[in-house]
Amino acid sequence: MSSCGPKMKMDPALHRDKKPSWIKVRLPNNPAFWSTKSLITDLKLVTVCEEAQCPNRWECWGQGTATFMIAGDKCTRACGFCAVKTAKPDALESDEPARVAEATRRMNLRHVVITAVARDDLRDGGAEHFKQTIEAVRQANPEIIIEVLVPDFNDRDWALSMVMDARPHIFNHNLETVERLTPLVRSRAQYQRSLTVLKKAKAMVNGKVATKSGIMLGLGERHEEILRAMDDLLAADVTVLTLGQYLRPTPKHLPVVEYITPDAFDDYKAIALAKGFRHVASGPLVRSSYHAADFRPELDVLEAIEADVRAAQGIELGPEHLPLPAPNPSLVKSIA
C-alpha cells in the first residue's frame, strides 16, 4: 500500500466483527442536525464527517458543528484505514473558500476545523487553497478559532509556509499509527516525515501556534510503541494529542485487531498528560475533530497570533481595545 518502507500485509482473519458494548453511535434527534445538513447541502460543501464515515457526525451536527473538507472529495492516496475515495481529483473550486467562510458565518461558529484530501496532483499539495480558505474565514468571522488538519505536502517547506503564513491557531497533522505499522496503514506517508512537518510548522511561526496530532489504536500496535509515539510527538513540540479506536469502514479496509477498552484509553490519557501534553482526548469514539472546540489553545498563543495578524493587516489597536484605568477613589468621592 505504500511505496516507502517494507511491504507488509495484515491477515483479514484478525478482524473483530462483533463490536463491544462501548462502541455506540448516537442517531440524530436534534433539529440542529437537519439545519446543519441543509446548510452544507445549500452551500455545496464537503465534510470529512460524511466522507470518512465519522461515528460522531450525528452528535456533532446536532451541536451545529462540522469539519469542512476542502479541495474536493477524491484523494490521491489510498490509506488502508480511510473511507475517503481514491481517484483522480477534480479541479479546485475558486469560490470554495468563500463558501466555507459563509458557512462559518451562518452557523455562528467560534471554532472551525478545515481539512482536505491529499492532493499530490498539485505542485503545492493544495497549500494555497488552504491559505485562501483560512483568510476568507478570518475575514468573514474575525473572532473565530481556526484549526487546520492538513496532509504532509510531501514535506515541501515552501508549501507548508503558505499555510502557516495564513496563521491558523491550531495546526493538526495526524501521525495515525506507530512507526512499525505506518507502511501498512498510511499510503505514501512516512512516520518521520509527519514528525518533521509538525515540528517545522511550529518553528515557521516562532512557536506561535498550538500543534496537534492523533493516533488510532486497535491496528495491532504494542503498548511500548504507543508510548514511543507519544515521546516522538513531544519531541516534535506537539501539545495536543487525540487517541481513538480504529473502526473498519468497509471489508476492503484494514481489519480491527483489537477493541481497546475505555479504561485503557483513560490510562493512556493519564500517561500522555504525565509525559507533558497540555491537552489530551482519549476514548473509543474520539476523532481528530471530535469536540475540537473543547481544546482552547494556550492564551499566550492566541494573543500572539492575533497581534501578528493585526500587524500584517496594518491594523492598530484603538482606544476600544485598551483596558480602562482603575477609578480614583478620592476623585469619585469629590464628584459625588
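Tutor: A residue is called buried when its relative accessible area is under 20%, exposed when that area is over 50%, and partly exposed in between. The model discussed here is a predicted one.

Student: Are phenylalanine 130 and phenylalanine 153 buried or exposed?

Tutor: Phenylalanine 130 belongs to helix α5, residues 127–140, while phenylalanine 153 sits in the loop between β3 and α6, so that the pair links distant parts of the chain, 23 residues apart. Under the cut-off of 20% relative accessible area, both phenylalanine 130 and phenylalanine 153 are buried.

Student: Which kind of aromatic pair do phenylalanine 130 and phenylalanine 153 form?

Tutor: A pair of aromatic rings is described by the distance of the centres and the angle of the planes. For phenylalanine 130 and phenylalanine 153, the centres are 6.1 Å apart and the planes stand at 90° to each other. Planes over 60 degrees apart belong to one named class, and this pair is therefore edge-to-face.

Student: How many aromatic pairs are found in a search of the whole structure?

Tutor: The pair of phenylalanine 130 and phenylalanine 153 has just been described, with its ring centres 6.1 Å apart. When the whole structure is searched for aromatic pairs, the number found is one.

Student: What is the order of the strands in the open sheet?

Tutor: The open sheet has seven strands, and their pairing is parallel. Its edge strands, each pairing on one side only, are β1 (67–70) and β7 (279–282), and from one strand to the next the twist averages 20°. Written out, the order is β1-β2-β3-β4-β5-β6-β7.

Student: Which residue of β2 stands opposite threonine 67?

Tutor: Strands β1 and β2 run parallel and are joined by four bridges. From β1, Thr67 and Met69 point one way while Phe68 and Ile70 point the other way, and all of them are buried. Opposite threonine 67 in β2 stands valine 113.

Student: What is the bridge partner of leucine 149 in β4?

Tutor: Strand β3, residues 145–149, runs parallel to strand β4, residues 170–172, and three bridges join them. In β4, the partner of leucine 149 is asparagine 172.

Student: At what angle do α4 and α5 pack?

Tutor: Helix α4, residues 96–106, lies across β1 and β2 and runs at about 175° to β1. Where α4 meets α5, the residues of α4 include Val100 and Thr104, and those of α5 include Gln132 and Ala136; by class, this contact has seven nonpolar, four polar and two charged residues. The crossing of α4 past α5 is right-handed. With their axes 8 Å apart, these helices pack at an angle of about 35°.

Student: Why does lysine 199 count as partly exposed?

Tutor: Lysine 199 is placed in helix α8, residues 191–204, and, leaving out residues up to four places away in sequence, touches Ala235, Ala236 and Asp237. Partly exposed covers what lies between the cut-offs of 20% and 50%. Lysine 199 therefore falls in this class because its relative accessibility is 39%.

Student: What separation do the C-alpha atoms of glutamine 192 and threonine 182 have?

Tutor: Glutamine 192 is also placed in helix α8, and is partly exposed, with a relative accessible area of 41%. Along the chain, glutamine 192 and threonine 182 are 10 residues apart, and their C-alpha atoms are separated by 10.0 Å.

Notes: Residues numbered from 1 in each chain as written. Predicted model: local features only at pLDDT ≥ 70, side-chain atom pairs only at ≥ 80, totals over all residues. Heavy atoms only, no water. Helix = DSSP H or I, 4+ residues; strand = E, 2+ residues; numbered from the N terminus. Buried < 20%, exposed > 50% of the residue type's maximum accessible area, 1.4 Å probe, protein only. Contact = heavy atoms within 4.5 Å. Pairing = 2+ DSSP bridges. Axes fitted to C-alpha atoms, helices over the stretch in contact; angles between N-to-C directions. Phe/Tyr/Trp six-rings, centres within 6.5 Å; stacked < 30°, edge-to-face > 60°. Left-handed = near helix turned anticlockwise from the far one by under 90°. Nonpolar A, V, L, I, M, F, W, Y, C, P; charged D, E, K, R; others polar.
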